[in-house]
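Reader: Please take a close look at the charged side chains and at any pairing between them. After that, I would like to see how this part sits within the rest of the chain.

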Amino acid sequence: MNELEVNSKVSVFGKVVDERFLYEETKLLVLDNGIDLICECFQGFRGKEVFVEGIVQEYEGEKQVLVLNIYNFS
């Protein structure tokens with residue numbers, strides 16, 4: 001993840017191991033591979049396998065993925 005350029009489009013797959021609201025409808029999802037996802041979503045994904053298309057962002061020196069599309073495979 002650290003090698004990826006900010007604003008580049010990525011696709012990632014993994015299991016959601018942590019999920020919490022940051023504010024209003026925005027959630028932080030953490031995948032089992034350590035990737036942080038920022039998602040404006042209502043549905044709960046904890047414990048589910050997901051495929052995500054998104055944009056790499058940087059927040060407080062850490063890379064994360066802003067979710068454009070999320071697909072649940074569980």
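Author: A good place to begin is Arg46, which counts as partly exposed because its relative accessibility is 49%; the class covers what lies between buried, under 20% relative accessible area, and exposed, over 50%, with a 1.4 Å probe and protein chains only. The model is a predicted one, in which local features need pLDDT of at least 70 and side-chain atom pairs count only at pLDDT 80 or more, while totals for chains, interfaces and linings use all residues. Residues are numbered from 1 along each chain as its sequence is written, and side-chain values use heavy atoms, with hydrogens and water left out.

Arg46 forms a salt bridge with Asp18, the closest N and O atoms being 3.6 Å apart; the term stands for a side-chain nitrogen of Lys or Arg within 4 Å of a carboxyl oxygen of Asp or Glu. Because Asp18 lies in strand 1 and Arg46 in the loop between strand 3 and strand 4, this pair ties together parts that are 28 residues apart in sequence. Strands here are DSSP runs of E with at least two residues, and helices are runs of H or I with at least four, numbered from the N terminus.

Asp18 also meets the side chain of Arg20 in a salt bridge, at 2.6 Å from N to O, and Asp18, Arg20 and Arg46 are thereby linked in a network of salt bridges. Asp18 is partly exposed, because its relative accessibility is 24%, and Arg20 falls in that class because its relative accessible area is 41%. In general, side chains of opposite charge can pair when their charged atoms come close.

A search of the whole structure finds 3 salt bridges, and one of them joins the side chains of Glu19 and Lys27 at 2.7 Å, N to O. Glu19 and Lys27 are both buried.

As for the setting, the protein chain has 0 helices and 5 strands, and 34% of its 74 residues count as buried. The largest nonpolar core has 15 residues, of which Leu31, Leu37 and Val52 touch the most other members; such a core is a set of buried Ala, Val, Leu, Ile, Met, Phe, Trp, Tyr and Cys residues joined through side-chain atoms within 4.5 Å. Strand 1 (9-23), strand 2 (26-31), strand 3 (36-40), strand 4 (49-59) and strand 5 (62-72) each supply at least two residues of this core. Leaving aside residues up to four places away in sequence, Leu31 touches a set that includes Phe13, Leu37 and Val50, where contact means heavy atoms within 4.5 Å.

Phe13 lies in strand 1 and is partly exposed, because its relative accessibility is 45%. Together with Tyr71 and Phe73, Phe13 forms a nonpolar patch on the surface with about 340 Å² of accessible area, an area that comes from the Shrake-Rupley method with a 1.4 Å probe, only the protein chains shown counting as cover for residues. Patches are made of residues with over 30% relative accessible area and no salt bridge, like charges being joined within 9 Å and nonpolar side chains (Val, Leu, Ile, Met, Phe, Trp, Tyr) within 5 Å.
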